[in-house]
Amino acid sequence: MIMTNDDVLREAQEKGVKFIRLQFTDIFGILKNVAITIEQLEKALDGQLMFDGSSIEGFARIEESDMYLRPDPNTFVVFPWRPKEGAVARLICDVYNPDGTSFGGCPRSALKKALKEAADLGYTLNVGPELEFFLFHTDPEGRPTTVTHDKAGYFDLTPVDLGENARRDMVLTLEQMGYEIEASHHEVAPGQHEIDFKYADALDIADKIATFRFVVRTIAQHHGLHATFMPKPIFGINGSGMHSNQSLFKDGKNAFYDPNDPLELSEIAYQYVAGLMKHARSFTAITNPTINSYKRLVPGYEAPCYIAWSGRNRSPLIRIPAKRGASTRIELRSPDPSCNPYLALAVQLKAGLDGIKNKLTPPPAVDMNIFAMTNEERANVNIGSLPGSLKEALDELAQAPVMQEALGNHIYHRFYEAKMEEWDSFRVTVSQWELDRYLALY
């Protein structure tokens, strides 16, 4: 349902809302907010509230710090875990310059730009994400540990799955906030969980991902647990991914479906896949944006390492799930939940559209287990690999004008500079692994 400013004002009054959090993300996807009272809501909805952008990572220099928040009324929701009396609600905002132009550092606006490019071609993008996360104990001071709360595995349940109560409360809370939950279950690794919600248009899903991470961590805290979306918190077990199921629709029909093709995929679907494969090495810096992300993208733990596609097995980068008709979609398996959802979806869409615009053709599908192939066998069929480190991914991004265009000049340069600083900090830090390996030996 489309909400107007008047709808928000009326619903806020009816539900006894006293405080409203105006939320947005920095360029790394970290959720920020400014809290206002109900008396300021009308002013906020008119886009009259200013904040200091120089204090937000990657936003603005101090001499150009004034920014305005423009709430999207469709994102209004009341937090179910807060008291009914003096209730707290939120609105997700776009960030604007004082002159009324869209701020180049606003990740939400970057996704909107990519979606407009798709719309100009007649397409809308639907996305269904699958977010994985870990639940850990906290220490006596409330600091997170990496001690898992259970020893359960894939699809296990109580009494083995001690996080089931927390996950149930997460699902109930998300449903109260308008999510349609399709599945929730224990994942492969101890302490690891997954909650899947129904696909929707890409902007709505990006908003939902940002909110999802906030809600999951909040409810976990109520259970005395720490929820983390860190891609690989523990060595030797599976990491957490954020598989991205995508489909383009045109004139109300799934543009990826063609009943006359052997795989029932349209030419547009093949071109979209080819675009993702062409740009995979460069957009990985955005979809897998941390040093730790590349500890997950290694053989042996169900995460993809190689740039290939298949309609059958789960080892390639891109999988084609079995459903067809209106449910035809492609699944990109590499992204992880530490990414900025707005930027991650923007670069994926931009890559796919590049494939469509240039009528690219993907290589043949690889229906065998790529992990079981030798390096020579992969080379013989031209299977490339994803970057092995954040530095390698950033180097690819620096040579990718299409991906830079998706981000916009401001976000690209601020993101690249900040991540290079992160890499340099990691590079010069002496780790415990090095001490254990070398201190006594040399």
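**Group meeting: a cavity, salt bridges and two surface sites**

Good morning. By the rule applied here, one cavity of 30 Å³ or more is counted. Please bear in mind that the model in front of you is predicted.

Let me begin with that cavity. The largest cavity holds about 40 Å³ of space. Which residues line the largest cavity? They are Phe24, Thr25, Ile92, Cys93, Val95, Cys106, Pro107, Arg108 and Tyr342. Three elements, namely strand E1 (17–25), strand E6 (87–96) and helix H3 (107–120), each contribute at least two residues to this lining. The greatest contribution is that of E6, with three residues.

Arg108 leads to my second topic, the salt bridges. How many salt bridges does the structure hold? There are 24. In general terms, side chains of opposite charge can pair when their charged atoms come close.

I shall take three pairs in turn. In the pair of Asp7 and Arg10, the closest N and O atoms are 2.6 Å apart. Both residues belong to helix H1 (residues 5–14), and because they are three residues apart there, about one helical turn separates them. Is Asp7 buried or exposed? With a relative accessibility of 19%, Asp7 counts as buried, since the limit for that class is under 20%. Its partner Arg10, at 45%, is partly exposed.

The second pair is Lys18 with Glu39, whose side chains meet in a salt bridge at 3.4 Å, N to O. Lys18 sits in strand E1, while Glu39 sits in the loop between strand E2 (31–37) and helix H2 (41–45); the pair therefore ties together parts that lie 21 residues apart in sequence. Lys18 counts as partly exposed at 30% relative accessibility, and Glu39 as exposed at 52%.

The third pair is Arg143 and Asp139, with an N to O distance of 3.1 Å. Arg143 is partly exposed, at 48% relative accessibility. Beyond single pairs, Asp72, Asp94, Arg108, Lys112 and Asp207 are joined into one network by salt bridges that share partners. Arg108 thus appears in this network and also in the lining of the largest cavity.

Finally, two sites with aromatic residues. Tyr199 is placed in the loop between strand E10 (192–197) and strand E11 (200–201), and is partly exposed at 44% relative accessible area. Its C-alpha lies 3.9 Å from that of Gly128, although the two residues are 71 apart in sequence. Leaving aside neighbours within four places in sequence, Tyr199 contacts Asn126, Val127, Gly128 and Ile205.

On the surface, Trp433, Tyr438, Leu441 and Tyr442 form a nonpolar patch with about 570 Å² of accessible area together. Trp433 belongs to helix H13 (residues 432–438) and is exposed, at 52%. Thank you.

Terms used:
Residues numbered from 1 in each chain as written. Predicted model: local features only at pLDDT ≥ 70, side-chain atom pairs only at ≥ 80, totals over all residues. Heavy atoms only, no water. Helix = DSSP H or I, 4+ residues; strand = E, 2+ residues; numbered from the N terminus. Buried < 20%, exposed > 50% of the residue type's maximum accessible area, 1.4 Å probe, protein only. Contact = heavy atoms within 4.5 Å. Patch = residues over 30% accessible without salt bridge, like charges linked within 9 Å, V, L, I, M, F, W, Y side chains within 5 Å. Areas by Shrake-Rupley, 256 points an atom, 1.4 Å probe, with all protein chains shown as cover. Salt bridge = Lys/Arg side-chain N within 4 Å of Asp/Glu carboxyl O. 1 Å grid on protein atoms, 1.4 Å probe; cavity = no way out; pocket = protein on both sides within 12 Å on 5 of 7 lines; lining within 4 Å. Points joined across faces, edges and corners; volume = space filled by probe spheres on them.
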